[in-house]
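Student: I am new to this structure and would like a close look at a single part, the place where two domains of one chain meet. Could you take me through that part slowly?

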Amino acid sequence: MAEMRMRDALREALREEMLRDETIFLMGEDIGLYGGSYAVTKGLLEEFGEARVIDTPIAESGIVGAGIGAAMGGLHPMVELMTINFSFLALDQIVNSAAKLHHMSNGQIHVPMVIRMASGGGSQLAATHSHSLEGMYAHFPGLKVVCPSNAADAKGLLKRAFRDQNTVIFIEHTANYAIKGEVPDDPDFLIEFGVANILREGTDVTIVGYGGSVHQATRAAALLEEQEEISAEVIDLRTLQPLDMDTVIASVKKTNRCVIVEDAWRFGGFGGELASQVMERAFDWLDAPVARVACKDVPLPYNRNLEFAALPSEEDVVDAVLGMFKE
Amino acid sequence: MTGISTDVLLDIHRRMVRIRTFEEEAGKLMESGKIPGALHLYVGEEAVAAGVMVHLRDTDQITSTHRGHGHLVAKGGDLKRMYAELFGRATGYCKGKGGSMHVSDLDLGMLGANGIVGAGPPIAIGAAFSNKYRGTDDVTCCFFGDGASNEGTFHEAANMAALYKLPVIFICENNGFGEFTRQERHQAIHDIADRAAGYGMPGVVVDGMDALAVYESAGEAIARARRGDGPTFLEYKTYRYFDHVGVRGMGVIYREDSEVLEWRQRDPINLMEARLAEQGLLSPEGAAEVHEAALADVREAIAFAEASPFPEPSALMEDIYTLTASAGGGA
Ligand SMILES: Cc1ncc(C[n+]2csc(CCOP(=O)(O)OP(=O)(O)O)c2C)c(N)n1
Ligand SMILES: [Mg+2]
């Protein structure tokens with residue numbers, strides 16, 4: 001075990017996997033000489049050389065498409081798209097090829113590839129630079145979607161992503177990069193996909209989050225305990241596809257209440273899928289309708305006050321929980 | 001400088017100085033934390049915006065980039081509303097919703113800075129199409145970087161522009177880097193203008209530190225577009241003095257300080273001032289006055305911005321959809 005930030009844990013995962021498997025190579029904008037926009041790949045060019053750490057032109061569609069072809073050619077690419085906002089330019093390759101080729105080819109083609117990208121708002125970069133699209137990617141059958149909330153999970157999940165023969169969309173919330181935590185140094189440390197993490201046990205309400213929103217959920221749980229004597233259970237989904245609904249359902253059957261928190265827009269968001277599944281599987285256990293806390297349905301503005309008013313906060317989570325205990 | 005009127009020369013100089021002053025002051029405010037977010041400053045590249053924009057009317061459009069302040073200043077943008085936008089104030093061009101990377105001014109044909117690299121070229125050819133369709137002789141100037149010249153969007157737009165003979169000018173600001181990646185590490189060619197031939201339009205390589213060379217090359221391309229003879233690709237070799245974001249441009253890992261100093265030797269404003277002095281068109285005192293006037297305007301703009309209110313909370317959910325009815329009567 002060693003204490004490190006999430007960005008360092010991600011780098012450890014990349015290093016260890018590259019040492020383990022020579023078919024892994026890294027490709028992306030400014031990941032080599034510069035070390036990556038969020039310093040995740042720092043030092044890897046020096047260690048592994050130009051053949052395995054490749055600085056690319058600004059050409060997202062080209063990079064992802066090349067990753068798909070390289071994967072079909074027997075390699076295991078890691079493509080870094082800098083931020084999730086730029087993945088829109090690669091969407092056709094991701095959705096029409098990476099996600100579909102295996103099924104369409106009757107299982108002949110595999111696309112083992114990890115696409116990493118930073119996500120989330122809150123940095124006053126305005127609407128084009130503040131997306132949360134975890135749920136959008138989970139919508140496409142054929143993609144696995146991973147969104148770690150802490151350093152240890154980031155490492156275990158990223159290493160696990162390279163043991164997968166499918167394309168894994170690996171989404172890193174920018175607010176999480178600097179969060180420190182104890183990280184195992186066992187090179188075989190893996191976290192299985194589709195296993196949610198109960199971050200905090202509780203009896204009165206289940207709060208579900210993923211990626212960045214896990215932190216609003218845990219802060220809200222602490223406030224609820226201190227100020228309202230409400231005991232909240234917090235679940236970090238860790239992966240949206242596959243999705244560990246069993247853990248959520250078991251928790252809701254215990255607490256009888258469920259609040260879903262996400263940074264993404266509410267309308268058509270992943271929280272709606274979660275709410276629907278809770279309704280289908282635990283309707284008779286619910287003491288209140290499932291509540292959703294999400295981003296307001298507006299392109300994220302630059303001005304700080306407006307941006308924070310749009311994004312979900314821990315106070316919003318507390319309010320949602322309190323609303324369930326009224327009347 | 002033969003054939004260029006004194007007024008135009010002084011105008012180009014003044015625009016360059018206004019850009020530089022605007023950017024240097026904005027950089028200081030970003031460093032001190034007063035302006036949030038990310039500022040991509042245009043210092044070093046002023047000759048391009050000034051030399052092109054001096055040809056344009058308010059009805060000519062431009063598409064800009066993440067590094068867009070210089071384009072709007074040169075097109076005659078209101079410094080007050082620009083600074084108010086950087087400060088996130090209600091009096092800003094976008095009511096504080098867009099910020100540095102998304103400033104626009106439709107009255108000046110400024111179709112927007114754009115946070116997405118390569119988003120501009122397709123939009124530019126569409127604007128050019130609208131000019132042709134409506135039968136005007138307005139043109140659209142599309143600014144983009146060497147880095148952006150590798151995005152598929154540029155290539156799709158360039159092909160269509162030549163195919164439809166659209167009144168658009170592709171203005172590639174080759175500052176040698178896409179973020180921290182040197183041009184020779186992101187494309188195998190040296191002159192990006194070589195690509196123009198592949199689409200069937202003229203491509204011209206120009207010294208982007210020389211405002212007069214910019215002025216002349218842009219003038220020809222713009223005249224050609226106005227005549228209906230189609231697009232031109234202009235590559236301006238230039239350099240960004242500062243870092244990709246913010247101010248620090250020296251002591252960085254991706255380039256040598258000596259390279260920065262070398263480019264600074266050919267500073268576009270100094271170059272212009274030396275020439276104007278040589279011709280007896282602008283004395284050192286006259287030049288100093290231009291700088292002082294620009295600084296006074298910028299300071300006034302900053303004071304205006306800082307005194308301006310933040311947008312009301314209600315502004316958040318406004319302007320998501322327009323409430324203006326379309327000509328056809330729909331909403
Ligand atoms: C589609 C997309 N990919 C990546 C980025 C991140 N990014 C912002 S500016 C930039 C470099 C652009 O280089 P260039 O076009 O040469 O413009 P310059 O910054 O040099 O003016 C990059 C990669 C982005 N904003 N949009
Ligand atoms: Mg550049």
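Tutor: What follows looks at the contact between the two domains of chain A. This is a predicted model, in which local features need pLDDT of at least 70 and side-chain atom pairs count only at pLDDT 80 or more, while totals for chains, interfaces and linings use all residues. Residues are numbered from 1 along each chain as its sequence is written, and chains are lettered from A and ligands numbered from 1 in the order in which they are written.

Chain A is divided into domain 1, residues 2–183, and domain 2, residues 197–325, with bounds that come from an automatic or database domain assignment. Taken over C-alpha atoms, the centres of these domains of chain A are separated by 26 Å. To their contact, domain 1 of chain A gives 25 residues and domain 2 of chain A gives 23 residues, where two residues are in contact if their C-beta atoms, placed from the backbone, lie within 7 Å.

On the side of domain 1 of chain A that touches domain 2 of chain A, at least two residues each come from α6 (134–138), β6 (143–146), α7 (151–161) and β7 (167–173) of chain A; helices (H or I, at least four residues) and strands (E, at least two) are DSSP runs, numbered from the N terminus. Of these elements, β6(A) supplies the largest share of that side, four residues. By class, that side of domain 1 of chain A has 11 nonpolar, 11 polar and three charged residues, counting Ala, Val, Leu, Ile, Met, Phe, Trp, Tyr, Cys and Pro as nonpolar, Asp, Glu, Lys and Arg as charged, and the others, Gly among them, as polar.
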